[in-house]
Amino acid sequence: MTSVVDVANVEKTFKLYKQRHKSLKDRVLHPGKGNATELTVLQDVSFSVGEGETIGVLGRNGSGKSTLLKCICGVLQPTAGQITVRGDLAGLLELGAGFQPELSGRDNVYLSASMLGLSRRKVDSVFDEIVAFSELEKFIDTPVKFFSSGMYVRLGFAVAVTAAPDVLVVDEVLAVGDERFQAKCMDRIRQFQSDGRTILLVSHNADQVRSLCSRAVVLEKGRLVADASAGEAVKVFREHLLGTQESKATSTGEDSDVVIEWVRGVSGSFTARTNERFEFLTNVRASAPVEGAFVLELYDQAGRLVARTDATKSPISLSAGMQELNVAIEELPLLDGAYQMNIGIVSPDGDTVLAWREQIAVLEVAYVGRGAGQVALRLNVH
Amino acid sequence: MSPSARRPVEQRPVRVVSAHLSLRQRLAAIWGARELLAYLVSADVKIKYKGSFLGIMWSMVSPAMSIAIYFLVFQVILKNGVPDYVVMLWAGMLAWTLFSTIINTATGIIVQRSGIVKKVAFPREILALSTVGTATVYFFLQFIVLAILMAVMGHAPAWSELWLLPLSFLALLLLASAFGVFLSAANVYFRDTAHLVEVGIFLWFWLTPVVYSYQRTVAPMLGAKGLAWIYLINPITPIVLTFQRVLYGQTSVTATTPDHSAITVLPEWSALHYAALNGLLVAIGLALFFWAIRIFGRLQGNFAEEL
């Protein structure tokens, strides 16, 4: 498979200044370089994206994922290494970034499309589609300074996706507009996928990555720590997340390492029946006594989150050493299927992950009735 | 979505993001963004005079004002005695205004447009070049007004030397683009560049024979010591002289002062001499332009961080 985006040994270093000498006058008065410290944001990052793949880029805040994206889009240049992109690339770093407030929506469509590298002929051919997608038919000849922020963003998104580039780079911009428009954007992204186009999606939302991406890379402190299938990558991401959160727990005085060792169904297997109670055991080791809360997640085969329990509803207190927890799903409202299970222990407020195990077990649900779908609804008809 | 025809991966254009792009790659990228350049220029022109009653004619107000003032000072008060002085003045101002407008607007453009520089990837040189485009639009407007004025006054240009004008115009554009591209990048790193440029342009104006005659004031003074060439180091001087030579049309005229003496207002060089000077400037302009693109390329990698 030919790669569409090739990231080779990319490194990016920023110079940080305590006090920046921004003018010629300052430079003359304060010769020397100023007190700059170097900050390496990306280090030896290499991966490639094949035609038609949707790749997630996962990372915590400050892991360098936005910097990487800006480098791929060409807004920033890597300090070392090289990025090769085949075909047109549209970067959604910010929607409507190139808009001129005084100009009409129509002029701005042409202006920002050509900024994305589109020819006038191509814009002519998709112009009506852009307007239809943004639902701004009535206002397209109004200067965009009169647009609401929602209208602004809609037009920006419409231009970028209707441009139908070979590669689309999306940086957390899907959280815009109202819910209906968000759904429309997601539809468009999925259509993009089925067209066989390539997408790079930056997110710190693991659920979104799991449901949209076939593969994902994980960045941690500027280094690539995983390049694997979406599920694997999410697992690494969560584990790294708690790896770095430990220090936070230490600082609050809760000096305890919590590790989830294993799980085991009470009956020996991980098979449950619809609308019945399911019980399993898990072994947890803690280095010191700690208060926590238990969380359970279920994902279906398509990688969609089916359920995540409310941590505050299941507080637990762990003592030092090994202990066995008994976890019961009182009534399982799912129809037949196999569900990936993740479990974790978080701090009582739910903010800090103390321990997390990704895909620790597969829960198989057996259903003998005639209902269909995913959820077991119990009707009461009089 | 319309299923647009998609090229196989192997046939798509390849874009390389790296800190080291060759001059050829840079020039190719600029050429590839020529449509964007056109949009930026038309957006600039549209925005500037949108909603104003006189519209684009406002672009004439400022140059017309300065021409009126210089005319008043040099012709009416100081009585320089040059017949149809306004044509001579306008011809020189035409070239000078193009140059100074480009330098002044290009210097600040990257900082001014930092919003898009930080968010959208396109060859940043296009921003500097868009100021060249906008200034050129106004140049042609002023040119048309001058042509109308000359027709009304019955003042003929030197028809046989008209071909010098495009050559000189090209030299002017190349020089201004080179300075503009360089200064726009420098201003990102040294924010007081814009102030320095303002002062520099003011001085430069008076070192260029636009409102006074090179032949009557500078040449005799410096020429006596064999130093006339010093004045021609200023690359704008030969260009302004060419504009005046072609549009004013005469080198020697009868003064309008009471003694009606014969005066020489422009150097009596042959057309070939002018052509050689301008040709040299085109070569210098081209070299400077490439140099500016190189420097710009080296500096632009950090724009998004410095802004």
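A residue is taken as buried here if 20 or more other C-beta atoms lie within 10 Å of its own, C-beta atoms being placed from the backbone. By that criterion, buried residues make up 39% of the 382 residues of chain A in this structure, which is a predicted model.

**Chain A and its domains**

Chain A contains 8 helices and 18 strands, and among its contacts between residues at least 6 apart in sequence, 72% join residues that are at least 24 apart. The domain assignment divides chain A into domain 1, covering 3-230, and domain 2, covering 255-366. Between the C-alpha centres of domain 1 and domain 2 of chain A the separation is 37 Å, and the contact between them draws on 4 residues from domain 1 of chain A and 4 residues from domain 2 of chain A. On the domain 1 side of chain A, the largest share of this contact, 3 residues, is supplied by helix α7 (residues 206-212) of chain A. Sorted by class, that same side of domain 1 of chain A, where it touches domain 2 of chain A, comprises 1 nonpolar, 1 polar and 2 charged residues.

**The mixed sheet and the helix across it**

An open sheet of 6 strands in chain A follows the order β5-β6-β7-β3-β8-β9, with mixed pairing. Strands β5 (89-92) and β9 (223-229) of chain A stand at its edges, and because each has a single partner strand, one side of each is left without a neighbour in the sheet. From one strand to the next the twist averages 15°. Within this order, strand β3 (residues 54-59) of chain A runs parallel to strand β8 (residues 215-220) of chain A and is joined to it by 5 bridges, with I55(A) standing opposite R215(A) in β8(A). Helix α2(A) lies across β3, β5, β6 (167-171), β7 (198-203) and β8 of chain A, running at about 150° to β6(A).

D171(A) belongs to strand β6 of chain A and counts as partly exposed, because it has 19 C-beta neighbours inside 10 Å. Apart from neighbours within four places in sequence, D171(A) is in contact with S66(A), L69(A), L92(A), L93(A) and V202(A). I260(A), which is 89 residues away from D171(A) in sequence, is 33 Å from D171(A) in space, C-alpha to C-alpha.

**Strand pairs**

The pairs described for this model, two within chain A and one between the chains, are set out below.

| Strands | Sense | Bridges |
|---|---|---|
| β3(A) and β8(A) | parallel | 5 bridges |
| β12(A) and β16(A) | antiparallel | 9 bridges |
| β4(A) and β1(B) | antiparallel | 4 bridges |

In the pair formed by strand β12 (residues 278-286) and β16 of chain A, F280(A) stands opposite V327(A) in β16(A). Of the 9 residues of strand β16 (residues 321-329) of chain A, the number buried is 0, so this strand lies largely in the open.

**Contact between the chains**

Across the interface, 46 residues of chain A are in contact with 34 residues of chain B. On the chain A side, β1 (3-17), α1 (24-29), α2 (65-73), β4 (80-86), α3 (105-115) and α4 (120-134) each supply at least two residues. By class, this side of chain A has 19 nonpolar, 15 polar and 12 charged residues. The chains also share a strand pairing, in which β4(A) and strand β1 (residues 14-17) of chain B are antiparallel over 4 bridges, and T84(A) stands opposite V16(B) in β1(B).

**Nonpolar cores and a buried leucine**

In soluble globular proteins, nonpolar side chains tend to be buried together. The largest nonpolar core here has 154 residues, of which V57(A), I72(A), V169(A), L200(A), A216(A), L172(B) and A176(B) touch the most other members. Residues up to four places away in sequence being left out, A216(A) touches I55(A), G56(A), L58(A), V209(A), A230(A), A233(A) and V234(A). A second, separate core consists of 15 residues, including A286(A), V295(A), A311(A) and L318(A).

In chain B, L247(B) is placed in helix α11 (residues 236-248) and counts as buried, because it has 25 C-beta neighbours inside 10 Å. Residues up to four places away in sequence again being left out, L247(B) touches V87(B), A91(B) and P157(B). The C-alpha atoms of L247(B) and K46(B), which are 201 residues apart along the chain, are separated by 30 Å.

Definitions and conventions:
Residues are numbered from 1 along each chain as its sequence is written. Chains are lettered from A and ligands numbered from 1 in the order in which they are written. This is a predicted model: local features need pLDDT of at least 70, side-chain atom pairs count only at pLDDT 80 or more; totals for chains, interfaces and linings use all residues. Domain bounds come from an automatic or database domain assignment. Two residues are in contact if their C-beta atoms, placed from the backbone, lie within 7 Å. Ala, Val, Leu, Ile, Met, Phe, Trp, Tyr, Cys and Pro count as nonpolar, Asp, Glu, Lys and Arg as charged, and the others, Gly among them, as polar. Two strands pair if DSSP finds at least two bridges between them. Axes are lines fitted to C-alpha atoms, for helices over the stretch in contact, and angles run from 0 to 180 degrees between N-to-C directions. A residue is buried if 20 or more other C-beta atoms lie within 10 Å of its own, exposed if 12 or fewer, and partly exposed in between; C-beta atoms are placed from the backbone. A nonpolar core is a set of buried Ala, Val, Leu, Ile, Met, Phe, Trp, Tyr and Cys residues joined through C-beta atoms within 7 Å.
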